[in-house]
Amino acid sequence: MNNTTKRGFPLVWQRLLRNRMALIGLLLVMIWIVLAIAAPFITKYPPNEIRLEHKLLPPSADHWFGTDNFGRDLFSRIVYGGQVTVWTGFVSIGIAFMIGVPLGAIAGYFGGVVSNVIMRIMDTLLAFPSLILAMAIAASIGPGLIGALIAVGIVAIPEFARLMYGQTIVIKEKEYIEASRAIGVKHLSILRGHIFINAFPPLLVQVTLGLGSAVLITSSLSFIGLGVKPPTAEWGSMISYGRDYIISGEWWMTLFPGLAIATTILGFNLLGDGLRDALDSRR
Amino acid sequence: MSAPILEVKNLQKHYPYKKGLFQKPGLTKALDGVSLTIERGETVAIVGESGSGKTTLGKTLLRLIEPTGGEVHFKGRDITELSAEQMRKLKADMQIVFQDPYGSLDPKWTIGRTLEEPLRTHRSHLSGAALKQEVNAMLERVGLQPHHGERYPHELSGGQRQRIGIARALILQPELVVLDEPVSALDVSIQSQILNLMQDLQTEMGLTYLFISHDLSVVRFISNRVAVMYLGKVVEIGETKEVFNNPLHPYTEALISAIPVPNPNLKRERIVLAGDIPSPRNQPSGCAFHTRCPKAMAQCKTLQPDLKEIGSKHYAACHLF
């Protein structure tokens, strides 16, 4: 085995590619990211072009996923909607990571009152179901992309804080941390250099899984009208429009955005599970 | 004679613990009034069973554990009164080598980065090239090669890792080094290499060692003086030769009689102590050792013996003398 020669990133990568489910997850995620980036080049119709004479057309060679009640091309809207989804996902999880991880690290490292204050606030946030909390925050900010971003970000903060808190408590008791303290290394350097680096693998898994739930919450917010404002294409709001047409038989209006949401979340979850296995140093 | 490098006076570390909901908290006396003087350039060994407080002593001297009482004078300054920032700076002069060569190196850091950490902390003016040069010089000094700097801890053997632990402690050229059982996790064949290395480095760099160990044959080999600890107190201290040839305290006698001798035909009296070391939570009254002492007398149960000079520079805390 050449496992002994490889280490760090190449080893994790190799293990990930050997895991079929993780590979499927990676593929799904990559497809949506590539489609979102390449949107202007692969779509025939602008996503917001209303052509009432073409409304409610079933899938065909011209309109792959059919058209909606305004005659807009559903394929274009889904691909452009992917831009919104990918963007909100990464930005909101980025916010959650940058706030949650330092909070958890400080709470775990210093303990005492600081830890109690931070972690009890996190517990309070965790006490609400994430969707309810996101709705409340989004509603108080008002509908729109920024509101949804902030809402999804805040909801994800405690997940990162709690994970980092647990990691920090374990890692700070290691002898190499005591060795650094014996050298006189400053707290901030210990937190950055030793604790964060050793806590990184589970955090990366959490980022991937968090992206999945961020997609779900963003779409849900849009579905109930708290997310992206129309006419911007977004998967959740597209399902919401299509809802009225399920009974009359225009199934494509809900099926395709639904599939888009499902495959994206599935992709992130499979990738997250695969990463967790690949990063497990005990193997 | 010049001033001692380290003077410990009545050092205490008491941990409070909860007994019950409505009871007064008790005190675990991990260190209970330890006094010790270490001269520049010598090696003082601290010996004792598990739970005797020897590691706590080593770490309290460097304020890795904060003492609850007493004084530690390092080069004439009471370091227990220094601020955290003053103490941080002083750590360049007093270092520690840990027992576990596996746990004391960050698994995610290369050896080179681990060795650079002390330099980056205390000599931040050094450039990248100068850092590398210092690290390589130190690696060679502990018997390794510059290419080991690119390795990760899991790619090295236990002996090599302990060499790294020593290199990290010595790269800032400290004056006092606490060696906390530095060889007890290693194979016997590697132990002697590491011990010799530490002795060579001591002469080369003019180091003072506080050597913590439970292995008396190692202590006999490396130390000038030896202090015997029992339940957070020093019960005997003296020149190594003197303590080994003429142990005063019954506990020291028992420890020394337990050293294996290579000659199976040699008849000697083996003193076997009954039971385990008592918990430091509820220490016996009087002399803490009276519960296991073969020579215990009536007054041992009530009266705590003080450390008295009995031979030349040979102290013991026992009512027999």
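Contact here means heavy atoms within 4.5 Å, and by that rule chain A brings 17 residues and chain B brings 26 residues to their shared contact. The model is predicted, so to speak plainly about its limits: local features need pLDDT of at least 70, side-chain atom pairs count only at pLDDT 80 or more, and totals for chains, interfaces and linings use all residues. Residues are numbered from 1 along each chain as its sequence is written, chains are lettered from A, and side-chain values use heavy atoms, with hydrogens and water left out.

**Where chain A meets chain B**

- About 1,900 Å² is buried between chain A and chain B, with 53% of it on carbon and sulfur atoms; buried area is the accessible area (1.4 Å probe) that two parts lose on being put together, summed over both.
- The rule finds 1 salt bridge across this interface, where a salt bridge is a side-chain nitrogen of Lys or Arg within 4 Å of a carboxyl oxygen of Asp or Glu.
- That salt bridge joins the side chains of Glu178(A) and Lys59(B), at 3.1 Å from N to O.
- There are also 11 residue pairs in polar contact between the chains, both residues at pLDDT 80 or more. A polar contact is a pair of N or O atoms within 3.5 Å; within protein, one must be able to donate a hydrogen and the other to accept it, and residues adjacent in sequence count only if both atoms are side-chain atoms.
- On the side of chain A that touches chain B, helix 7 (175–183) and helix 8 (187–223) of chain A are the elements giving two or more residues. Helices are DSSP runs (H or I, at least four residues), numbered from the N terminus.
- Helix 7 of chain A gives the most to that side, with 8 residues.

**Enclosed space**

- Searching the whole structure turns up 4 cavities of 30 Å³ or more. On a 1 Å grid over the protein atoms alone, a cavity is a set of points where a 1.4 Å probe fits but cannot get out, and lining residues have an atom within 4 Å of a point.
- The largest cavity has a volume of about 80 Å³, a volume being the space filled by probe spheres set on the points, which are joined across faces, edges and corners.
- Its lining has 13 residues, and Pro250(B), Cys287(B), Cys293(B), Cys300(B) and Cys318(B) lie nearest its centre.
- The second largest cavity has a volume of about 40 Å³, and its lining residues include Phe90(A), Leu211(A) and Phe268(A).
- Helix 3 of chain A supplies the largest share of that second lining, 4 residues.

Terms used: 1 Å grid on protein atoms, 1.4 Å probe; cavity = no way out; pocket = protein on both sides within 12 Å on 5 of 7 lines; lining within 4 Å.
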